[in-house]
Amino acid sequence: MIATESLSKRFPRVTALDRLSVDVGPGVTGLVGANGAGKSTLIKILLGLSPATEGRAEVLGLDVATKGAAIRERVGYMPEHDCLPPDVSATEFVVHMARMSGLPPTAARERTADTLRHVGLYEERYRPIGGYSTGMKQRVKLAQALVHDPQLVLLDEPTNGLDPVGRDEMLGLIRRIYTDFGISVLVTSHLLGELERTCDHVVVVDGGKLLRSSSTTDFTQITTTLAIEVTDSDEHPDGTRAVREALHARGVDLLEGGGGLPGAGHVLLITAQGEETYDLVRDVVADLGIGLVRMEQRRHHISEVFTNEDSRTGEEQRKEAVGHGG
Ligand SMILES: Nc1ncnc2c1ncn2[C@@H]1O[C@H](COP(=O)(O)OP(=O)(O)OP(=O)(O)O)[C@@H](O)[C@H]1O
């Protein structure tokens, strides 16, 4: 879908992109980076709206330096900042954008109705945009990016300014752009955590450089660590301790602490050796006559990837993600 090769963009005082080489395939891809990492600059270059200083980039096999107009016909764009006219309705605006993209009047009206229904604005579609909430305005911006049935959409910080519920709804909509319509998505965010649930692939940029590009499952690989939580009983007033001793007696590798899990004091962490570890835990708990509240595999979260980065920027990224409640 997208390929860049040693792509650089230098402004007089700052290098926004620094020899970035990355490939993005079909599906939903997250582009993550702190504010100023170069995400918006990359999107503008990919749309052929801003020339690169060095290097090259292709979108859908088209060279951004010479085929900008053809790219914009096939690619939808949701800009980061508020850019909507307050006095017109969502329908008027989206029909206008569809006509600008070359759709005939009837098709433009039909596609507008379909797209506004998809983004959940069908009921409100005749009200002036000026009276919309931030979440509704973000949906109008998303609708206009989708209305001409592009092959790919570039979404710049679509969850900006949304509360947690609005953010979850927007992430759900983004996921469905690909699953329901087969339109691939490149979505930027400064929050690693929210892309973990939405994207198939994540590209991390920092200071205009590529930090990492890999599938989300690689980022969030299941570890062999099992978290176990049990109840207490009259016979075993400290059920956790009883299970710990019983597992230890059977040679199970017990790990320190609850690893920051909720109710960590009552959570046992063990290293699973395979299916038999699950059976062993089940039997031990049953023999003790106490209840098993949960037994689950711990996953790595994307933000944890950065705890292993020795670069300061990686650590900063992690704090950024955590600090924003990722
Ligand atoms: N037109 C411009 N002139 C000068 N500097 C610019 C220009 N556009 C962007 N920059 C600078 O390039 C760097 C990357 O900016 P960019 O907007 O691409 O970052 P971003 O990752 O999208 O962050 P944000 O989400 O805050 O927009 C920043 O230091 C920014 O100040």
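## Exercises on a predicted two-domain model

Of the 326 residues in the protein, 37% are buried (buried: 20 or more other C-beta atoms within 10 Å of the residue's own; exposed: 12 or fewer; partly exposed: in between; C-beta atoms placed from the backbone). The model is predicted: local features need pLDDT of at least 70, side-chain atom pairs count only at pLDDT 80 or more, and totals for chains, interfaces and linings use all residues. Residues are numbered from 1 along each chain as its sequence is written.

### Exercise 1. Overall organisation

Determine how the protein is divided and which secondary-structure elements it has.

Step 1. The division gives domain 1 (2–220) and domain 2 (224–299), with bounds from an automatic or database domain assignment.

Step 2. Taken over C-alpha atoms, the centres of domain 1 and domain 2 are separated by 45 Å.

Step 3. There are twelve helices and 14 strands in the protein; these are DSSP runs numbered from the N terminus, helices being H or I with at least four residues and strands E with at least two.

Step 4. Among contacts with a separation of 6 or more, 68% join residues 24 or more positions apart. Here a contact requires C-beta atoms, placed from the backbone, to lie within 7 Å.

### Exercise 2. The antiparallel sheet

Establish the strand order of the four-stranded open sheet and trace its pairings.

Step 1. The order is 2-1-4-5, and the pairing is antiparallel; two strands pair if DSSP finds at least two bridges between them.

Step 2. Strand 2 (15–24) and strand 5 (62–63) are the edge strands, each pairing on one side only.

Step 3. Strand 1 (residues 2–10) runs antiparallel to strand 4 (residues 54–59), and five bridges join them. Within this pair, Ala3 is opposite Glu58 and Thr4 is opposite Ala57.

Step 4. Two bridges connect strand 4 and strand 5 in the antiparallel sense, with Val59 and Leu62 as bridge partners. These two strands form a hairpin with two residues between them, and Leu60 in the turn has a positive phi of about 50 degrees.

Step 5. Helix 1 (residues 39–46) lies across strand 1, strand 2 and strand 4, at about 115 degrees to strand 1. Such angles run from 0 to 180 degrees between N-to-C directions, with axes fitted to C-alpha atoms, for helices over the stretch in contact.

### Exercise 3. The ligand shell

Identify which element contributes the largest share of the shell around the ligand, and classify the shell residues.

Step 1. The residues around the ligand include Phe11, Val14, Gly36, Lys39, Ser40, Thr41 and Glu157; the criterion is a C-beta atom, placed from the backbone, within 6 Å of the molecule.

Step 2. Helix 1 provides the largest share, three residues.

Step 3. The shell divides into four nonpolar, six polar and two charged residues (nonpolar: Ala, Val, Leu, Ile, Met, Phe, Trp, Tyr, Cys and Pro; charged: Asp, Glu, Lys and Arg; polar: the others, Gly among them).

### Exercise 4. The mixed sheet

Describe the six-stranded open sheet, its edges and the helices packed on it.

Step 1. The strand order is 6-7-8-3-9-10, with mixed pairing. The edge strands, each pairing on one side only, are strand 6 (75–78) and strand 10 (209–215). Direction ignored, neighbouring strands are turned by 15 degrees against each other on average.

Step 2. Strand 6 and strand 7 (residues 152–155) run parallel and are joined by four bridges. Val75 has Leu152 as its bridge partner, and Tyr77 stands opposite Leu154.

Step 3. Helix 5 (residues 134–146) lies across strand 6 and strand 7, at about 165 degrees to strand 6. Helix 6 (residues 164–181) touches strand 3 (28–32), strand 7 and strand 8 (184–189), its direction making about 160 degrees with that of strand 8.

Step 4. In a regular strand, side chains alternate between the two faces of the sheet. Strand 6 is covered on both faces: Val75 and Tyr77 on one side, and Gly76 and Met78 on the other, are all buried.

### Exercise 5. The setting of Pro26

Decide whether Pro26 is buried, partly exposed or exposed, and locate its contacts.

Step 1. Pro26 lies in the loop between strand 2 and strand 3.

Step 2. Pro26 is partly exposed because 15 other C-beta atoms lie within 10 Å.

Step 3. Not counting residues up to four places away in sequence, Pro26 touches Met1 and Ser184. Pro26 and Ile2, 24 residues apart in sequence, are 9.0 Å apart in space, C-alpha to C-alpha.

Notes. Two residues are in contact if their C-beta atoms, placed from the backbone, lie within 7 Å.
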